[in-house]
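I opened this entry to look at strands, their pairing and the contact between chains. My notes follow in the order I looked things up.

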Amino acid sequence: MKIHNLVTLIICSLICFSSFSQAKKPTLMVVPSDVWCNQNGYMMEFDNQGSTIRIPDYKRAFQENAEVLQVISQINGMMAERGFPLKNMESAIKTMESNAVEDALRSSKDSGAAVDESPIDAIKKAAKADIIIQLTWTVNKTGPKKSINFNLQGLDAYTDKQVATATGTGAPSFSAETPVLLSEAVISHMDNFTLSLQNHFDDMFENGREIIVRIQKWDDWDGDLETEYDGEELTYIIEDWMADNTVKGRFSTTDATESMMLFEQVRIPLYNDKGRAIDARRFVRELSKYLNDAPFSIPNKLVMKGLGRATIILGSK
Amino acid sequence: MKLKHVILSVLFIGFCTSVNAQWKKNKANEDTKIWRYDLECEGIAKQGSKLVKVWSYSKNPKHAISRGMKNAVHGIIFKGYAGGGQGCTPFAALVSDPAMEEKHKEFFDSFFADGGAYLRYVSSATDGSIAPGDRLKISKREYKIGIVVNVLTDQLRKLLESEGIIKSLNSGF
């Protein structure tokens with residue numbers, strides 16, 4: 001009986017250890033680029049106080065264009081085969097819409113109260129992923145000859161950096177249909193795309209996840225970032241904390257004023273002291289606690305956006 | 001007496017043939033030992049594989065042909081190729097670190113042995129026939145032979161991942 005318990009304990013420990021030793025997996029989603037949507041007429045226009053704003057109409061593109069579905073489906077299939085299934089944008093849009101309808105109709109059985117949603121919550125309701133795979137292709141025609149110019153860009157949703165790419169023009173053909181040329185383009189470019197993505201992940205495992213950290217203050221807070229504690233300004237205190245807690249002290253102070261600070265290229269470790277995977281929110285949570293404790297005693301609010309962006313607003317929750 | 005001579009002659013011829021075959025095999029292995037070959041893309045293959053032309057060098061054209069498949073698989077694993085015509089894009093080698101060949105010598109020696117596992121990942125794309133322009137005599141004693149083969153790159157990559165020689169895209173997550 002004792003051996004049985006011991007074996008169970010060892011198995012449980014191994015499961016726990018293996019679950020903690022996995023870094024947080026970024027989500028990826030293929031999105032048709034603005035250029036492609038514009039060239040193919042899938043744009044919506046709004047009049048914003050006299051100026052016309054044009055934004056892509058993804059829903060109509062998915063409903064009307066079979067080629068975009070074919071390309072996305074093929075990319076999704078090839079990424080799933082590499083153990084990295086992607087979020088499907090069309091499904092994400094549908095889920096979002098059905099959730100919105102459900103939330104609007106839902107009410108409490110006892111009090112009849114509706115689901116609470118702040119304006120920020122409403123804005124955050126969008127199809128999103130940690131890495132956006134932006135897809136563009138154009139069909140080049142010279143007489144009867146056709147070729148495909150294909151471009152895949154992997155963009156980090158938080159740092160706005162291009163982390164993977166594959167681009168090129170396929171062989172011209174007199175007879176092949178566009179879907180066939182598109183299929184060939186995907187097959188010939190995906191290896192290079194996954195290779196550059198692999199390089200990005202290798203860099204992440206070696207040098208930490210790259211995130212953005214912002215520090216702001218509520219306008220009713222009586223202090224600011226130039227307030228001194230033991231003769232040291234708060235901006236430098238925060239910078240020192242960043243230097244002590246980032247991987248190899250890597251970060252850039254992009255902006256610093258009395259009311260805000262912006263840190264870019266902040267490299268955070270993938271795991272904390274307990275071996276648990278961490279993201280921007282978990283990392284900045286430690287800074288939040290540091291500022292909340294003595295001698296600073298600054299109450300603050302922590303706001304996150306996905307795996308790679310977190311903001312601390314000083315003054316109150 | 002005559003019967004004895006006949007039997008001895010048959011045994012002698014059999015021995016010589018066997019020795020000759022072994023010598024040819026060793027010769028072919030020597031030719032490919034240094035992995036001297038060129039790899040080029042021959043077009044877009046079906047999903048999960050690469051259509052390549054591999055140019056092998058040998059004093060005997062037969063050896064160059066027989067070693068082509070081995071060279072092609074080796075090239076996909078360790079060399080890759082530049083892009084080119086027919087819509088080909090550059091292909092980076094599956095193993096980016098050349099030192100891995102030495103590090104996993106035991107595996108690769110057995111993998112690339114005659115009749116080894118490499119044969120599962122390559123097939124001839126032209127039923128073994130060689131285009132006239134792909135059989136070149138580059139010096140008095142040396143031939144350069146090009147054969148077109150299909151290499152199952154996705155399956156090859158999975159094998160290398162399972163052997164721990166390369167990392168998979170989702171490793172660590």
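I started with helix α7 of chain A, bearing in mind that this is a predicted model. I found that α7(A) lies across β4 (131–142), β5 and β6 of chain A. Against β6(A), the helix runs at about 150 degrees.

Next I looked up the sheet under that entry. In chain A, four strands make an open sheet, and I noted their order as β1-β4-β5-β6. The pairing in this sheet is mixed. I then asked why one side of β1(A) and of β6(A) is left without a neighbour in the sheet. β1 (28–32) and β6 (162–169) of chain A stand at the edges, and each has a single partner strand, so one side of each stays without a neighbour there. I also took down the turn between neighbouring strands of this sheet: 20 degrees on average, direction ignored.

I followed one pair of this sheet further. Strand β5 of chain A, residues 145–156, pairs with β6(A) over seven bridges, in the antiparallel sense. I picked out G154(A) and found its bridge partner in β6(A) to be A164(A).

A reminder to myself on pairing: strands of a sheet pair through backbone hydrogen bonds, either parallel or antiparallel.

Then I turned to the contact between the chains. How many residues does each chain bring to the contact? Chain A brings 21 residues and chain B brings 16 residues. On the side of chain A that touches chain B, helix α7(A), residues 178–207, gives the most, with 11 residues. I split that side of chain A by residue class: seven are nonpolar, nine polar and five charged. So I have α7(A) down twice, once lying across strands of chain A and once in the contact with chain B.

My last stop was strand β5 of chain B, residues 143–151. I checked three of its pairings.

- β2(B), residues 50–58, runs antiparallel to β5(B), and nine bridges join the two. Here K53(B) stands opposite V148(B).
- β3(B), residues 122–124, pairs with β5(B) over three bridges, again in the antiparallel sense. S123(B) stands opposite N150(B).
- β4(B), residues 135–137, is joined to β5(B) by three bridges, and the two run antiparallel. R135(B) stands opposite I145(B).

Finally, I looked up what links β4(B) to β5(B). A hairpin joins them, through five residues.

Key
Residues are numbered from 1 along each chain as its sequence is written. Chains are lettered from A and ligands numbered from 1 in the order in which they are written. This is a predicted model: local features need pLDDT of at least 70, side-chain atom pairs count only at pLDDT 80 or more; totals for chains, interfaces and linings use all residues. Two strands pair if DSSP finds at least two bridges between them. Two residues are in contact if their C-beta atoms, placed from the backbone, lie within 7 Å. Ala, Val, Leu, Ile, Met, Phe, Trp, Tyr, Cys and Pro count as nonpolar, Asp, Glu, Lys and Arg as charged, and the others, Gly among them, as polar. Axes are lines fitted to C-alpha atoms, for helices over the stretch in contact, and angles run from 0 to 180 degrees between N-to-C directions.
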